[in-house]
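Here are a few exercises to try with the sequence and the 3D view open. Have a go at each task before you read its solution.

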Amino acid sequence: MTEILNKINSPKDLKELSTKEMYDLADEMRDAIIKRANTISGHIGGDLGMIEATIALHYVFNSPVDKLIFDVSHQCYAHKMITGRKEGFTNPEKYSEISGYSNPTESEHDHFVIGHTSTSVSLATGLAKGRDLLGDKENIIALIGDGSLSGGEAFEGLNNAAVLNSNIIIVVNDNEMSIAENQGGLYKNLKLLRETNGQADCNFFKSMGFEYHYLEEGNDIEKLIETFSKVKDTQKPTVVHIHTLKGKGLKLAEENKEYFHWIAPNGIENFGKNFETETYESITTDYILKKKEQNNAVIAITAATPGAIGFTQEFRNKMGNNYTDVAISEEHAIAYISGLAKRGAKPIFSVISSFIQRTYDQLSQDIGLNNSPATILLNWGGISEADMTHLGCFDIPFISNIPNLVYLAPTNKEEYLAMLDWSVEQNEHPVIIRVPFNDVITTGIEDKTNYSILNKFKVAEQGENIAIIGVGTFFELAKKVKDKIKSDLDINATLINPCYLTGLDKELLENLKTSHKAVITLEDGILDGGFGQKIASFYGNSDMKVLNFGAEKEFTDRASIKDLYQKYNLTPEQIIAKVKNLI
């Protein structure tokens, strides 16, 4: 039933509701969010917990004149329903038309495209300062979760916002969770503030200069309206700290907050089921557990995304003191593992491609410049169907051009394990491994490659005339292209697995000139500044023809992988057509 929700086409309609109708609206929204997420996937726990606060915010404030800035913005589903996009949550045929994050192209009530964490306070502070410079008066409201407070940018934003001397309202949504449990000293103070109903003398926010309000009943619409009304039009930097229940209204989500942070299609029905499928994540955790038993210097690190990289609760328990969740602070994680490595520990930091983008300075200075022999596992790297804020196709140009780093791209399970073990055991280089972003491929043959001989490519199959270099996960595509070249052109092409993304096998590339006329590169990432362009540059002053295949430099948004491969000429048929034109 969406009896009340059907009446809501803008925040103005919300202001006409009685208190009872607002509670009914919350129930209808809750049902819609659960059905949509369970059908097409989506964030669920945080959204369920923020429904009442979102209703109250839109009741008290005047969006879009008053501006609501959502941190990460994966808790903005109720906001979208109130601001004219309810069909994206009530009509299954239109579920996929609405992004899971804030997006100004969808509505004037969204002000930024946001999908990374700890950003809302900084963005809101900029809006507030711009408003002051132009002499306007609207309210600027930043919403940030307690988990996001651990990110460095959140601290920086708070530090600047506190001295603004004008209207900025920061709503801290404290549901006692990040994706997994909160980690770090800050959360001792949040706990103290909850236990004392906001009355403790030790108050992180007050110490920075904010006016502070606490509301224990963060899912009570009436009390939320009362609290937000008190701070509306304030001329002081103000924090409203509300205590909410993550997953509210879905018992499974209330009791299993980590699992229900985000769910895949049919996530409710599949909860608790074990499909017993080997993945690169399970291969990783099995390796780390075994290695830790052999050497207590081995330590696993994540930055608040343990579930996404396979660091399950069971794994964390078994690792004990040999596991660190540094919270949402990838920059700190990189410096932390540099320190660990310099002191003789064996750190293995597992991170998602989209999130390592935050760490350029630390990768360059703390790891690269200091040549610290730490291991970084980069997950989800490659062309994908992800939202525009979570793309993993930019890491090869970003990482492969930092001195001292060794960036490896395994093509199968055995290579991955060999590279991982070499990285952990050696003490000469910082190593990043691009964990394959596909189903597990296994040869059944132990890889005995000596990866300390840097930038030595593997010739998987020797041929002539055409050489195909398939990077990482695209090695399987390279094999298909080789077969099609053989069948269509009667050419037995050479097949090469480069293994290394941070250097070239110049001897091999030079030798190809004697018996090859063309080189094809295939990489699962953007071409600009990528691996293929290094090959093209090497052959720039020679007669060798080079074709580079990969993604264009662009932000895609939930595009199907089939459509992207077609657009980027990444099907064997399209590649062969380009080869025919070349030769």
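**Exercise 1.** Find which residues of helix H10 (residues 221-231) are buried, and work out how they sit around the axis.

Step 1. Ile221, Leu224, Ile225, Thr227, Phe228 and Val231 are the buried ones in H10; buried means under 20% relative accessible area, exposed over 50%, and partly exposed in between (1.4 Å probe, protein chains only). Helices (H or I, at least four residues) and strands (E, at least two) are DSSP runs, numbered from the N terminus.

Step 2. These residues cover an arc of only 170° around the axis, so they are on the same side of H10; the arc is that of the directions from the helix axis to the C-beta atoms. An α-helix has 3.6 residues a turn, so residues three or four places apart point the same way.

Step 3. Now look at the cover: it includes helix H2 (19-40), helix H3 (45-60), strand E4 (168-174), strand E5 (211-215) and strand E6 (237-243), with contact meaning heavy atoms within 4.5 Å.

Step 4. Check both ends. At the start of H10, a side-chain oxygen of aspartate 220 comes within 3.1 Å of the backbone nitrogen of glutamate 222. After H10 comes aspartate 233, with a positive phi near 65°.

Before you go on: this is a predicted model, where local features need pLDDT of at least 70 and side-chain atom pairs count only at pLDDT 80 or more, while totals for chains, interfaces and linings use all residues. Residues are numbered from 1 along each chain as its sequence is written, and side-chain values use heavy atoms, leaving out hydrogens and water.

**Exercise 2.** Work out how E6 is covered, and which strands pair with E6.

Step 1. Count first: 7 of the 7 residues of E6 are buried, so the rest of the structure largely encloses this strand.

Step 2. Split them by face. Pro237, Val239, His241 and His243 are on one side, with Thr238, Val240 and Ile242 on the other. In a regular strand the side chains alternate between the two faces of the sheet.

Step 3. Look for partners (two strands pair if DSSP finds at least two bridges between them). E4 pairs with E6 in the parallel sense over 7 bridges, with isoleucine 168 bridged to proline 237. E5 runs parallel to E6 too, joined by 5 bridges; here glutamate 211 has threonine 238 as its partner.

**Exercise 3.** Trace the open sheet of 6 strands and find what packs on it.

Step 1. The order is E9-E8-E10-E11-E13-E12, with parallel pairing.

Step 2. Strand E9 (323-325) and strand E12 (406-408) are at the edges: each has a single partner strand, so one side of each lacks a neighbour in the sheet.

Step 3. On average, neighbouring strands are turned by 20° against each other, direction ignored. Axes are lines fitted to C-alpha atoms, for helices over the stretch in contact, and angles run from 0 to 180 degrees between N-to-C directions.

Step 4. Add the helices. Helix H15 (residues 330-342) packs on the sheet, and its direction makes about 160° with that of strand E10 (346-352). Helix H19 (residues 413-425) packs on the sheet as well, at about 165° to the direction of E13.

**Exercise 4.** Is cysteine 499 buried or exposed, and where does this residue lie?

Step 1. Cysteine 499 is in the loop between strand E16 (494-497) and helix H21 (506-512).

Step 2. Its relative accessible area is 1%, so cysteine 499 counts as buried.

Step 3. Check the backbone: phi is positive, about 65°, although cysteine 499 is not a glycine.

Notes:
Polar contact = N/O pair within 3.5 Å; in protein donor to acceptor, adjacent residues only side chain to side chain.
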